[in-house]
Amino acid sequence: MNITLEALQILDAIDRKGSFAAAAMALDKVPSAITYSIRKLEEDLDVLLYDRRGHRAKLTPAGSELLSQGRHLLNAAQELENRVKRTATGWESELRIVLDVIIRFEHLLPLIKEFEQQNCGTRLRFSQEVLSGVWESMMTGRSDLAIGAAYDGPDAIRMQGDLQTRVLGAIDWVFAVAPEHPLAKADEPISTELIQQYRAAAIGDTGRSLPTMTAGLLNGQDTLTVASVEAKLAAQLAGLGCGHLPRAIAAPHLQSGALIEKQTDHRRPTETCCYVWRHTNKGKALHWFLQKLKDPTVQSMLLGND
């Protein structure tokens, strides 16, 4: 390859410092070495990088393009060097965290801000899945940490001995409908047979290879399947479906009257969710999050109970 990082560094220094002589001083080289490197690069590429006809050499269009794109390469090389150094100290270059949709991302923001204060350079990458999709993300190695996973994972997961789980907390569910929904005026407790006659708003399981998991749905019930808690909430507020919502999410709408809580004869039990990680992962960023997730205050914050 004719283009080297050293040549790009020289080209960058000339542009930043304003002259060949100033670049030589900045790079601790003699001016003749700078001149030779640029001429050698021009010969190797068979293009003119500088127009030398005036009092001061100026970049040609080809030189400007090389400088512009070359800076991307220099930044990438510097980032690679930093990542290698971070890895050597035990900090991961990237930590991939998958959230079940019951965990609202905004509840994680204080934790992310606190993590940033570590100045470790680890990049955080968040994704979102539902039910078995969360477990599948861990099983296939797409994620390093899962938050909010359904506690009773698929049997295929339980057979894997390298995944560790800890309880995050309990989710209290409330059956809610919009005031104009037919079930709003139904006598309580509402029977299973009556609920089955009306469409449920449900969040679809995102698993691809694991058996599909469902929660709170009745056999044979018509279903409006959506992608998120926010979409499910919106559908129920619009009277387009009925179903259970986490009480922490439904609470302000129950208080305003936009939703009505109804008692049923098949009350969905309080469910436990957990966080999951691979015990063979010894990275410092993962360990930092695991320590924080042990804190009852953090657990309450993530579940929206604070």
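**Reading salt bridges, burial and contacts**

Reader: How many salt bridges does the structure hold?

Author: The structure holds 16 salt bridges, a salt bridge being a side-chain nitrogen of Lys or Arg within 4 Å of a carboxyl oxygen of Asp or Glu. Please keep in mind that this is a predicted model, in which local features need pLDDT of at least 70 and side-chain atom pairs count only at pLDDT 80 or more, while totals for chains, interfaces and linings use all residues. Residues are numbered from 1 along each chain as its sequence is written, and side-chain values use heavy atoms, with hydrogens and water left out.

Reader: How should I read one such pair, and where in the chain do Glu6 and Lys29 lie?

Author: The general idea is that side chains of opposite charge can pair when their charged atoms come close. Here, Glu6 forms a salt bridge with Lys29, and their closest N and O atoms are 3.1 Å apart. This pair links distant parts of the chain, since Glu6 belongs to helix 1 (residues 5-17) and Lys29 to the loop between helix 2 (20-26) and helix 3 (31-45), 23 residues apart. Helices and strands are DSSP runs numbered from the N terminus (helices are H or I, at least four residues; strands are E, at least two).

Reader: Which words describe how open these two side chains are to the outside, with 43% for Glu6 and 31% for Lys29?

Author: Buried means under 20% relative accessible area, exposed over 50%, and partly exposed in between (1.4 Å probe, protein chains only). Glu6, at 43%, is therefore partly exposed, and Lys29, at 31%, is partly exposed as well.

Reader: What separates Asp12 and Arg16 along helix 1?

Author: Asp12 and Arg16 are separated by about one helical turn, because they are 4 residues apart in helix 1. Their side chains meet in a salt bridge of 2.7 Å, N to O, and Asp12 counts as buried, with 12% relative accessibility.

Reader: Which elements does the bridge between Glu114 and Lys292 link?

Author: The side chains of Glu114 and Lys292 meet in a salt bridge of 2.5 Å, N to O. Glu114 is in helix 5 (residues 109-116) and Lys292 in helix 11 (residues 284-293), 178 residues apart, so that the pair links distant parts of the chain. Salt bridges that share partners can also be read together, and in this way Asp12, Asp15, Arg16 and Arg71 are joined into one network.

Reader: Which residues of helix 9 are buried?

Author: In helix 9 (residues 229-237), the buried residues are Val229, Lys232, Leu233, Ala235 and Gln236. Seen down the helix axis, they fall within an arc of 160 degrees, so they line one face of helix 9; the arc is that of the directions from the helix axis to the C-beta atoms. These buried residues pack against strand 7, strand 8 (200-203), strand 9 (223-226), strand 10 (243-246) and helix 10 (247-256). After helix 9 comes Gly239, whose phi is positive, near 75 degrees.

Reader: With which residues is Ala176 in contact?

Author: Contact means heavy atoms within 4.5 Å. Ala176 lies in strand 7 (residues 173-177) and is buried, with a relative accessible area of 0%. Leaving aside neighbours within four places in sequence, Ala176 is in contact with Gln236, Cys242, Gly243, Leu254, Leu259 and Ile260. The C-alpha atoms of Ala176 and His253, 77 residues apart along the chain, are separated by 9.7 Å.
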